[in-house]
Amino acid sequence: MTDNQENTAAEDASPSGSPTSPPRPPSDRLPCHKSSVCSRSYFVVVMVFFHVYIINVIALLFYVHYSSGQEDASRSSDAPSGGQHQRSEPRRPPPSKPDFIRDVSLTRVEGIRVGHVQQVALVPGKVHEMRTLSLKPLLFEIPGFLSEDECRVVMQLAQLKGLMESQLMVQEGQEELAKELDLSPEEIFNLLDINQDGQLQLHEVLTHSRVRDGIWLTPENLREIYDGLKADKDGDGLLSLQEFRLLSSDAFQRFLLQRGVKRSQLVRNSRHTWLYQGKGAHQVLQKIKERVTRLTRLPSALVDLSEPLQVVRYEEGGHYHAHHDSGPVYPETACTHTRLAANTSTPFETSCRYITVLFYLNSVDGGGETAFPVADNRTYDEVSLIQNDVDLMDTRRNCDKSNLRVKPTKGMAVFWYNYLSDGRGWVGEQDEYALHGGCVVTSGTKWVANKWINVDPDYQRQARYQQLVSHLPDDENDDDLTLNADIQNPSIHQDL
Ligand code: OGA
Ligand code: CA
Ligand code: CA
Ligand code: FE2
């Protein structure tokens, strides 16, 4: 590039031209023409955009300022003190009734991600490792939660007390519900016909009637019933409305009862007993309860007022098909544990088991895993649990197809949340992904124990119940009933 060229270029770039050149009218200084981008209308448009931009920026600043102020307010009143459990939650509306102000949040242990390990201090002088197994449901395992001695004591105490059949051979009830609802055969048919093609496929019948009076139906059972009852007249493997109409409402049940039922055909094939863990109970049982309180970081009052410890024994061939430990809650649903404080009687009741802590009391020789068929599935769809006659809830056949299986290991505990959070620090909706079951024991015996922590999704009812129990003439209910989890559970969870 020559000097000359350089100068020319510099001159062209300079709006005012060279100092020696004669002054030009202002409009000529810019390299443009009146008719194009320099027109007045272009200027107006640019200015309008400029103003809108400035207004947007100011509005954004206001928004940021306002929303961070709100978050601070909710944090200072709601958040638990444990560092990693802190979470900004939406501000709570004022309590609808003045009687119990919601001053308690239920801590949820954070899963972070599958495989995440956190250290927990549950017993003096020992650190346990807690591994996240799934996020849906929020599920953890803690190896060595119970010592060998503790496992032995719990099994011995259960044996001393005696175990009963977990499921009686025949239970009443199903038919009565249908009668209560007073549905016509057409209405029932319509409910069963999921894809609305006017025919009942095997999986449609199974999805709704997998459990008949405690008897577990398989596709083969169903075909056998159709044959026995001559229900499928045209033999196409489907039930049409005409074929369905000819069946009485209790036809399946009567057929099964006449044919006889083996234990392996029940929903659950095990024996169990309950061990009280309150004051006066065996030291080991009380210690386990305290450890569970530390693990879950819930107020000890909640754990104290929960169901006793359930100890379960499966013999070889034992199983428990996939189920939820606790049902969905609707506004009309009552919780078994707070019925005392409920002023209404409702036809719906569930056990409101917010958390399940499952302990393995022995290592099983073969089988007996705890299966979570849909853990961390992308979606949950009840209908797709049976596909091509493969029933994912059937733990005698299809445990190998479950998303997650936990091998029973002596002393290990797993725990999970059966309900989601309501986003305000209390119990929300049922977590459908918490579906689980016990796979068939192929060799040896399997011993487990369940500690369920009962919480009523209705905060007022839970609070009323606790207040009621605290006024009973029982010195057990002293200041334990403070509902403040943070005072009772200092931060004991630590990231690795
Ligand atoms: C239960 C249960 C699983 C297992 O007792 O509710 O789900 O592995 N048990 O035994
Ligand atoms: Ca159909
Ligand atoms: Ca048919
Ligand atoms: Fe269960």
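Q: In this predicted model, is Phe415 buried or exposed?
A: Happily, this one is quick to settle. The cut-off for a buried residue is under 20% relative accessible area. Phe415 has 0% relative accessibility, so Phe415 counts as buried.

Q: Which residue forms a stacked aromatic pair with Phe415, and is that residue buried or exposed?
A: Let's look at the ring geometry. The two rings lie 5.0 Å centre to centre, with 20 degrees between the planes, and planes under 30 degrees apart count as stacked. The partner has 0% relative accessibility and so counts as buried. The residue that stacks with Phe415 is Phe140.

Q: How many residues apart are Phe140 and Phe415?
A: This pair links distant parts of the chain. Phe140 belongs to strand β3 (residues 139-142), and Phe415 to strand β21 (residues 413-417). Their separation is 275 residues.

Q: Is the pair of Phe189 and Phe244 stacked or edge-to-face?
A: Here the ring centres are 5.5 Å apart. Planes over 60 degrees apart count as edge-to-face. The planes of Phe189 and Phe244 stand at 65 degrees, so the pair is edge-to-face.

Q: Which helices hold Phe189 and Phe244?
A: Both residues are buried, Phe189 with a relative accessible area of 5% and Phe244 at 14% relative accessibility. The pair links distant parts of the chain, 55 residues apart. Phe189 lies in helix α6 (residues 185-192), and Phe244 in helix α9 (residues 241-245).

Q: Which residues do ring pairs link into a cluster with Phe140?
A: The count of aromatic pairs comes to 10. Ring pairs join Phe140 into a cluster with Tyr354, Phe415 and Tyr417.

Q: Which charged residue lies over the face of Tyr314?
A: Two charge-over-ring contacts are worth a look. In one, the charged end of Arg291 sits over the ring of Phe145, 5.8 Å from its centre. In the other, the distance to the ring centre of Tyr314 is 4.5 Å, and the residue is Lys446.

Q: Which residue gives the calcium ion (ligand 2) a donor through its O atom?
A: The ion is coordinated at 2.2 to 2.6 Å. Asp193 and Asp197 contribute OD atoms, Asn195 its OD1, Gln201 its OE1, and Glu204 is listed twice with OE. The donor residues are spaced D-x1-N-x1-D-x1-Q-x1-Q-x2-E in sequence. The residue that coordinates through O is Gln199.

Q: What is the relative accessibility of the calcium donors Asn195 and Asp197?
A: Partly exposed residues fall between the buried cut-off of 20% and the exposed cut-off of 50%. Asn195 counts as partly exposed because its relative accessibility is 45%. Asp197 likewise counts as partly exposed, with a value of 38%.

Q: Why do the buried residues of α8 line one face of the helix?
A: In helix α8 (residues 219-229), the buried residues are Pro219, Asn221, Leu222, Ile225 and Tyr226. Seen down the helix axis, these residues line one face because they fall within an arc of 155 degrees.

Q: Which elements are included in what covers the buried residues of α8?
A: Just after α8, Lys230 takes a positive phi of about 50 degrees. As for the cover over the buried residues, it includes α7 (202-209), β7 (215-216), β8 (239-240) and α10 (251-259).

Q: Which are the edge strands of the open sheet β9-β12-β24-β17-β20?
A: The 5 strands of this sheet pair in antiparallel fashion. At one end, 2 bridges join β9 to strand β12 (residues 319-323), and Asn269 has His319 in β12 as its bridge partner. An edge strand pairs on one side only, and here those are β9 (268-269) and β20 (404-406).

Key:
Residues are numbered from 1 along each chain as its sequence is written. Chains are lettered from A and ligands numbered from 1 in the order in which they are written. This is a predicted model: local features need pLDDT of at least 70, side-chain atom pairs count only at pLDDT 80 or more; totals for chains, interfaces and linings use all residues. Side-chain values use heavy atoms; hydrogens and water are left out. Buried means under 20% relative accessible area, exposed over 50%, partly exposed in between (1.4 Å probe, protein chains only). Helices (H or I, at least four residues) and strands (E, at least two) are DSSP runs, numbered from the N terminus. The arc is that of the directions from the helix axis to the C-beta atoms. Contact means heavy atoms within 4.5 Å. Donors are N, O and S atoms within 2.8 Å of the metal (3.2 Å for Na, K and Ca); water is not among the atoms, so sites may look incomplete. Rings of Phe, Tyr and Trp (its six-membered ring) pair if their centres lie within 6.5 Å; planes under 30 degrees apart count as stacked, over 60 as edge-to-face and the rest as tilted. A charge sits over a ring if NZ of Lys or CZ of Arg is within 6 Å of the ring centre and within 35 degrees of the ring normal. Two strands pair if DSSP finds at least two bridges between them.
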